[in-house]
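Dear colleague,

Please find below the structure that I am handing over to you. My findings follow beneath it, in an order that should be convenient to read beside the model.

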Amino acid sequence: MSHPSALGASRTALSVNVNKVALLRNSRHLGIPSVTRAATLCLQAGADGITVHPRPDERHIRWHDVFDLARLLRDWPDREFNIEGNPFHNLLDVAREVVQQGLPLHQLTFVPDAVDQFTSDHGWRFPEDAQRLRPVIEQAQALGARVSLFMDPDPAQMAGARAVGADRVELYTEPYAAAWPDAAARAAQLQRYRDAAVAAQAAGLGVNAGHDLNRDNLTDFLRAVPGVAEVSIGHALIADALELGYAATVQDYRRCIAAAAG
Ligand SMILES: CC(=O)[C@@H](O)[C@H](O)COP(=O)(O)O
Ligand SMILES: NCC(=O)COP(=O)(O)O
């Protein structure tokens, strides 16, 4: 039976971000834990794809990881490979090399991070970023990749993302995750994200979401925000996997997604 993957199904796809596996591995020179082994176990457990966010300092994902994972994904043709990063650093060079080697690359998520960014904390802004984004979006799409722009949940910004040629936006969910424990703050945040998703879809964009999503906050988010195509989850999921193992963890996140639909 084929996997009901991001490539065809209407349910929200789960892309596992394996940055933090690489972070642990890099603290010694032993090659463990293995990033490709982690990805394999997540895919075997039903993850719809793998995400990496290689940073210029290679503090976690190293350039060879991108190619190792692309080679792995070649054996999983119904799953997706999503690479995140700033297109004005060397993201497009890596993407070009992946494609030149005949390896799979489904999605590039452009994130406006500084070189030394601690972690992503804001999205692109329009009209300020429009002129410089247009050509790099075209270059990425010419490689055959879907382009998603990391965006704050501001409905007024979504038409700008579409106008520069993006296929999707990824709504930056840290403010929602931070508000989640407080019911009133959570409801207010969910309204913002719902409005942003509706505006994005009205502009012709697909909607992804990510950052600090976890097993507690994921179902509420997907219940409130319509038509989310993909969530990419790393930090909390890998932390859960340290306790539960990759298979049980991925299955749990899939249950959180299914609970929102049911
Ligand atoms: C765009 C985004 O929200 C994630 O890719 C996040 O930036 C993960 O990066 P770190 O794992 O380096 O925090
Ligand atoms: N795009 C978000 C992502 O890949 C993972 O973010 P996080 O779950 O590590 O915060």
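**The annotated positions**

His211 lies in the loop that runs between strand S7 (206-210) and helix H9 (218-224). Please bear in mind throughout that this is a predicted model. His211 counts as buried, because 23 C-beta neighbours lie inside 10 Å and 20 or more are required for that class. If neighbours within four places in sequence are left aside, His211 is in contact with Ser120, Tyr172, Thr173 and Glu174.

His211 also appears in a database record: an unreviewed UniProt entry places the feature "active site" at His53, Glu84 and His211. These residues span 159 residues in sequence, yet no two of their C-alpha atoms are more than 12.2 Å apart, so they gather at one spot.

His53 is found in another loop, the one between strand S2 (49-52) and helix H3 (63-74). With 24 C-beta neighbours inside 10 Å, His53 is likewise classed as buried. Residues up to four places away in sequence not being counted, His53 touches Asn17, Asn19, Ile61, Glu84 and Gly85. Glu84, one of these contacts, is itself among the positions that the UniProt entry marks as "active site".

**The two ligands**

Which residues surround ligand 1? They are Asn19, His53, Arg55, Glu84, Val111, Thr119, Ser120, Phe150, Gly210, His211 and Gly234. The list therefore includes His53, Glu84 and His211, the residues that carry the "active site" feature in the UniProt entry. By class, this shell consists of two nonpolar, seven polar and two charged residues.

Around ligand 2 there are 14 residues, of which Asn17, Gly210, Ser232, Gly234 and His235 come nearest. Strand S8 (228-233) and helix H10 (235-244) each contribute at least two residues to the shell. The shell around ligand 2 divides into three nonpolar, eight polar and three charged residues. Gly210 and Gly234 are listed around ligand 1 and are also among the nearest residues to ligand 2.

**The chain as a whole**

The protein chain contains 11 helices and eight strands. Along the principal axes, its C-alpha atoms fill a box of roughly 45 × 40 × 40 Å. A compact globule with 262 residues would have a radius of gyration near 18 Å, and the 17 Å of the protein chain agrees with this. Of the contacts with a separation of 6 or more, 71% are between residues 24 or more positions apart.

**The interior**

Buried residues make up 46% of the 262 residues. In soluble globular proteins, nonpolar side chains tend to be buried together. Here the largest nonpolar core has 77 residues, and Leu69 and Val169 have the most contacts inside it. Beyond four places in sequence, the contacts of Val169 are Ser148, Leu149, Met151, Met158, Ala161, Ala200, Leu205, Val207 and Asn208.

Trp124 is a further residue to examine. Its place is in the loop between strand S4 (107-110) and helix H5 (130-142). Is Trp124 buried or exposed? Trp124 is buried, because 22 other C-beta atoms lie within 10 Å. Although Trp124 and Leu149 are 25 residues apart along the chain, 7.2 Å separates their C-alpha atoms. Sequence neighbours within four places aside, Trp124 is in contact with Pro112, Asp129, Leu133, Leu149, Phe150 and Met151. Of these, Leu149 and Met151 are also in contact with Val169, while Phe150 is one of the residues around ligand 1.

Yours sincerely,
A colleague

Notes
Residues are numbered from 1 along each chain as its sequence is written. Chains are lettered from A and ligands numbered from 1 in the order in which they are written. This is a predicted model: local features need pLDDT of at least 70, side-chain atom pairs count only at pLDDT 80 or more; totals for chains, interfaces and linings use all residues. A residue is near a molecule or strand if its C-beta atom, placed from the backbone, lies within 6 Å of it. Ala, Val, Leu, Ile, Met, Phe, Trp, Tyr, Cys and Pro count as nonpolar, Asp, Glu, Lys and Arg as charged, and the others, Gly among them, as polar. Helices (H or I, at least four residues) and strands (E, at least two) are DSSP runs, numbered from the N terminus. The radius of gyration is taken over C-alpha atoms; the globule rule is 2.2 Å times the number of residues to the power 0.38. A residue is buried if 20 or more other C-beta atoms lie within 10 Å of its own, exposed if 12 or fewer, and partly exposed in between; C-beta atoms are placed from the backbone. Two residues are in contact if their C-beta atoms, placed from the backbone, lie within 7 Å. UniProt positions are given in the numbering used here, feature names are shortened, and annotations may be inferred rather than shown by experiment. A nonpolar core is a set of buried Ala, Val, Leu, Ile, Met, Phe, Trp, Tyr and Cys residues joined through C-beta atoms within 7 Å.
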